[in-house]
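Several labels are attached to the structure shown below. The questions that follow ask what each label rests on, and each answer sets a computed value against its cut-off.

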Amino acid sequence: PAIVEPQAGFGFSLDLLGNTAIVGSPVLTGFVGVPDASTLLFSTSTGVPAVSLPPPLMGRNLAGFAVKLTESHIVIGGPIAGEDRFGRVWVYSRATGILEHVLAASDATVATGFGVSIDADDQHVLVGAPFGTEAPARGGAAYLFDINTGTELAKFQRDTPEVGDEFGWDLRLAGDSAFIAAPFVGVGEA
């Protein structure tokens with residue numbers, strides 16, 4: 001079995017489901033003993049890498065900044081991915097490791113942070129873009145996608161977004177509800 005020696009960025013993001021752990025490494029695109037991987041799946045009982053996912057795009061894209069496992073999918077965020085630097089989220093089949101969808105915001109702009117945070121279940125992917133939206137700056141947004149088709153279903157923002165709210169910094173799906181953090185609401189107000 002391959003011996004994985006952690007390098008810079010190893011464990012920047014992780015998720016557990018059953019006896020499988022996913023570990024993201026957005027800083028480097030490789031691990032000693034497992035070249036050309038930005039994300040690894042491990043067996044929690046053996047510690048041995050079970051699946052090595054190559055970086056979806058070569059170069060500096062921060063693939064693995066956020067990761068999520070569901071029963072049927074592997075979801076990986078890369079907040080500066082793409083030639084346009086708009087950010088991308090990749091959805092892989094957990095059974096086959098085959099890339100099924102590349103998610104992008106319909107109204108994406110550069111440096112939105114699309115993919116900084118993700119959550120998923122076997123029906124949806126919720127993606128945070130906390131630095132985005134045209135106005136106000138860094139007001140942030142979150143996007144809901146169908147995990148099986150890759151279709152964007154909804155965009156969420158605060159009713160009255162303000163500069164620097166960073167809505168979408170962290171988020172969670174819970175049944176039919178979405179919980180979306182905006183950690184800097186009211187910061188700097190008198």
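Q: How many aromatic pairs does the structure hold?
A: In this predicted model, the structure holds four aromatic pairs. Among them is the pair of Phe12 and Phe65, whose rings lie 4.7 Å centre to centre with 50° between the planes.

Q: Why is the pair of Phe12 and Phe65 called tilted, rather than stacked or edge-to-face?
A: Ring centres must lie within 6.5 Å to count as a pair, and the centres of Phe12 and Phe65 are at 4.7 Å. Planes under 30 degrees apart would be stacked and over 60 edge-to-face; the 50° of Phe12 and Phe65 falls under neither heading, so the pair is tilted.

Q: What makes the pair of Phe12 and Phe65 a tie between parts of the chain that are apart in sequence?
A: Phe12 belongs to the segment before strand S1 (13-17), whereas Phe65 sits in the loop between strand S4 (49-53) and strand S5 (66-69), so the pair ties together parts that are 53 residues apart in sequence.

Q: Why are Phe12 and Phe65 both described as partly exposed?
A: The description covers relative accessible areas between 20% and 50%. Phe12 has 46% and Phe65 has 22%, so each value falls between the two cut-offs.

Q: Why is the pair of Phe114 and Phe145 called edge-to-face?
A: The ring centres of Phe114 and Phe145 are 6.1 Å apart, and their planes stand at 80°. Because the pairing limit is 6.5 Å and angles over 60 degrees count as edge-to-face, the pair of Phe114 and Phe145 meets both conditions.

Q: Where do Phe114 and Phe145 lie along the chain?
A: Phe114 is in the loop between strand S8 (99-103) and strand S9 (117-120), and Phe145 is in strand S11 (residues 141-146), so that the pair links distant parts of the chain, 31 residues apart. Both Phe114 and Phe145 are buried, and ring pairs join Phe114, Tyr143 and Phe145 into a cluster.

Q: What makes S9 and strand S12 (152-156) the edges of their sheet?
A: The open sheet has four strands in the order S9-S10-S11-S12, with antiparallel pairing. S9 and S12 each have a single partner strand, so one side of each is left without a neighbour in the sheet. From one strand to the next, the twist averages 15°.

Q: How do you know that S9 and strand S10 (residues 124-129) count as paired?
A: Two strands pair if there are at least two bridges between them. S9 and S10 are joined over four bridges in the antiparallel sense, so the condition is met. Ala120 stands opposite Val125 in S10.

Q: Why do the phi values of Arg85 and Glu166 call for attention?
A: Most residues other than glycine have a negative phi. Arg85 is not a glycine, yet has a positive phi of about 65°, and Glu166, also not a glycine, has a positive phi of about 55°. Arg85 lies in the loop between strand S6 (73-78) and strand S7 (88-93), while Glu166 lies in the loop between S12 and strand S13 (171-174).

Q: Are Arg85 and Glu166 buried or partly exposed, and why?
A: Buried requires under 20% relative accessible area. Glu166, at 9%, is therefore buried, whereas Arg85, at 30%, counts as partly exposed.

Q: What does Phe156 touch, and where is Phe156 found?
A: Phe156 is found in strand S12. Leaving aside residues up to four places away in sequence, Phe156 touches Leu126, Ala141, Ala142, Leu144, Phe167 and Ile180. The C-alpha atoms of Phe156 and Ile180 are separated by 8.8 Å, with their positions 24 residues apart along the chain; the contact itself rests on heavy atoms within 4.5 Å. Phe156 is partly exposed, with a relative accessible area of 29%.

Q: Where is confidence lowest and highest among the strands?
A: Mean confidence is lowest in S4, at 70, and highest in S9, at 97. The protein chain averages a pLDDT of 81, and 79% of the residues score at least 70. Over residues 29-36, pLDDT stays under 50, although the model has 29 contacts there beyond four places in sequence.

Key:
Residues are numbered from 1 along each chain as its sequence is written. This is a predicted model: local features need pLDDT of at least 70, side-chain atom pairs count only at pLDDT 80 or more; totals for chains, interfaces and linings use all residues. Side-chain values use heavy atoms; hydrogens and water are left out. Rings of Phe, Tyr and Trp (its six-membered ring) pair if their centres lie within 6.5 Å; planes under 30 degrees apart count as stacked, over 60 as edge-to-face and the rest as tilted. Helices (H or I, at least four residues) and strands (E, at least two) are DSSP runs, numbered from the N terminus. Buried means under 20% relative accessible area, exposed over 50%, partly exposed in between (1.4 Å probe, protein chains only). Axes are lines fitted to C-alpha atoms, for helices over the stretch in contact, and angles run from 0 to 180 degrees between N-to-C directions. pLDDT is the predictor's confidence in each residue, from 0 to 100.
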